[in-house]
Amino acid sequence: MGSENAPVFIDVIGIGSSVYDHLKVLGKIDVTPVNVGSGSTDTDKTGRYTFFNLRSQIIWKFREALDPASGENIVLPVDPQLRQDLRAARFQIVSGKIKIEEKKDIKKRIGRSPDRGDVVVLTWFGATMGGEKWEAMVA
């Protein structure tokens, strides 16, 4: 879209679809819909595991990027709730695929939605994907 604003990536499952629709109508915001429930063909950094869905991929890839050896040099703000959100998701390997715990289960376990963490991982992922590769994934 090429706006002066930072791009916004919105999970369009649930209430996010309404938020996306409203922002798209404004026309001045570079907004991209992301269906985190869609499939994924990517692998973890070892190449050994694929992902259960795009949400699992996004969260796992951000986890890998936080490793100082990744070279990503991610700096997070001092925000205890954000850090709790980013640590909240549990995972399991199901038929050779990394599956991140469902958001409803995280909410139940921690007593709230991990929204701050979701915003950070979705923004990071959108920014790292960029261009045609991103468009192909969300189409």
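**A three-stranded sheet and the helix packed on it**

Strands 3 and 5 run parallel to each other, joined by two bridges. That pairing is where I want to start. One caution before going on: this is a predicted model.

So, what stands opposite I98 on the strand 3 side? F51 does.

Now the other neighbour. Strand 4 pairs with strand 5, residues 97–100, through four bridges, and this pair is antiparallel. I93 has I98 as its bridge partner. F91 sits opposite I100. A hairpin links strand 4 and strand 5, with two residues between them. In that turn, S95 has a positive phi of about 50°.

Put the pieces together. The sheet is open, has three strands, and reads 3-5-4 with mixed pairing. Strand 3, at 50–51, and strand 4, at 91–94, are the edge strands, each paired on one side only.

Helix 2, residues 54–66, packs on this sheet. The helix touches strand 3, strand 4 and strand 5. Its direction makes about 90° with that of strand 5.

Stay with strand 5 for a moment. Which side chains point to which face? I98 and I100 point to one face, and both are buried. K97 and K99 point to the other face, and they are not buried.

I98 deserves its own list. Setting aside neighbours within four places in sequence, its contacts include D44, Y49, T50, F51 and F52. From helix 2, S56 and W60 are among them. From strand 4, F91, Q92 and I93 are among them.

On to helix 2 itself. First, a length check. At 1.5 Å a residue, 13 residues should span 18 Å. The end C-alpha atoms are 18 Å apart, so the two figures agree.

Next, burial. How many of the 13 residues of helix 2 are buried? The count is 11, so the helix is largely enclosed by the rest of the structure. The buried set includes nonpolar side chains such as L54, I58, I59, W60 and F62. It also includes R55, Q57, K61 and E64. At the start of the helix, a side-chain oxygen of N53 comes within 3.3 Å of the backbone nitrogen of R55.

Now the core. The largest nonpolar core has 20 residues. V34, I58, I98, L122 and F125 have the most contacts inside it. Helix 2, strand 5 and helix 5, at 115–129, each supply at least two residues. Which element gives the most? Helix 2 does, with six residues. There is also a second, separate core of five residues. I10, L23, I29 and V31 are among its members.

One more residue in strand 4: V94. Its relative accessibility is 30%, and buried would need under 20% while exposed would need over 50%, so V94 counts as partly exposed. V94 and F52 are 42 residues apart along the chain, yet their C-alpha atoms are separated by 7.9 Å.

Finally, the chain as a whole. The secondary structure comes to six helices and five strands. In sequence order the pattern is β-α-β-β-α-α-β-β-α-α-α. Of the 139 residues, 33% are buried. Take the contacts between residues at least 6 apart in sequence: 47% of them join residues at least 24 apart.

To recap: strand 5 sits in the middle of the order 3-5-4, and helix 2 packs on that sheet and gives the most to the largest core.

Terms used:
Residues numbered from 1 in each chain as written. Predicted model: local features only at pLDDT ≥ 70, side-chain atom pairs only at ≥ 80, totals over all residues. Heavy atoms only, no water. Pairing = 2+ DSSP bridges. Contact = heavy atoms within 4.5 Å. Axes fitted to C-alpha atoms, helices over the stretch in contact; angles between N-to-C directions. Buried < 20%, exposed > 50% of the residue type's maximum accessible area, 1.4 Å probe, protein only. Expected span 1.5 Å × (residues − 1). Polar contact = N/O pair within 3.5 Å; in protein donor to acceptor, adjacent residues only side chain to side chain. Core = buried A, V, L, I, M, F, W, Y, C linked by side-chain atoms within 4.5 Å.
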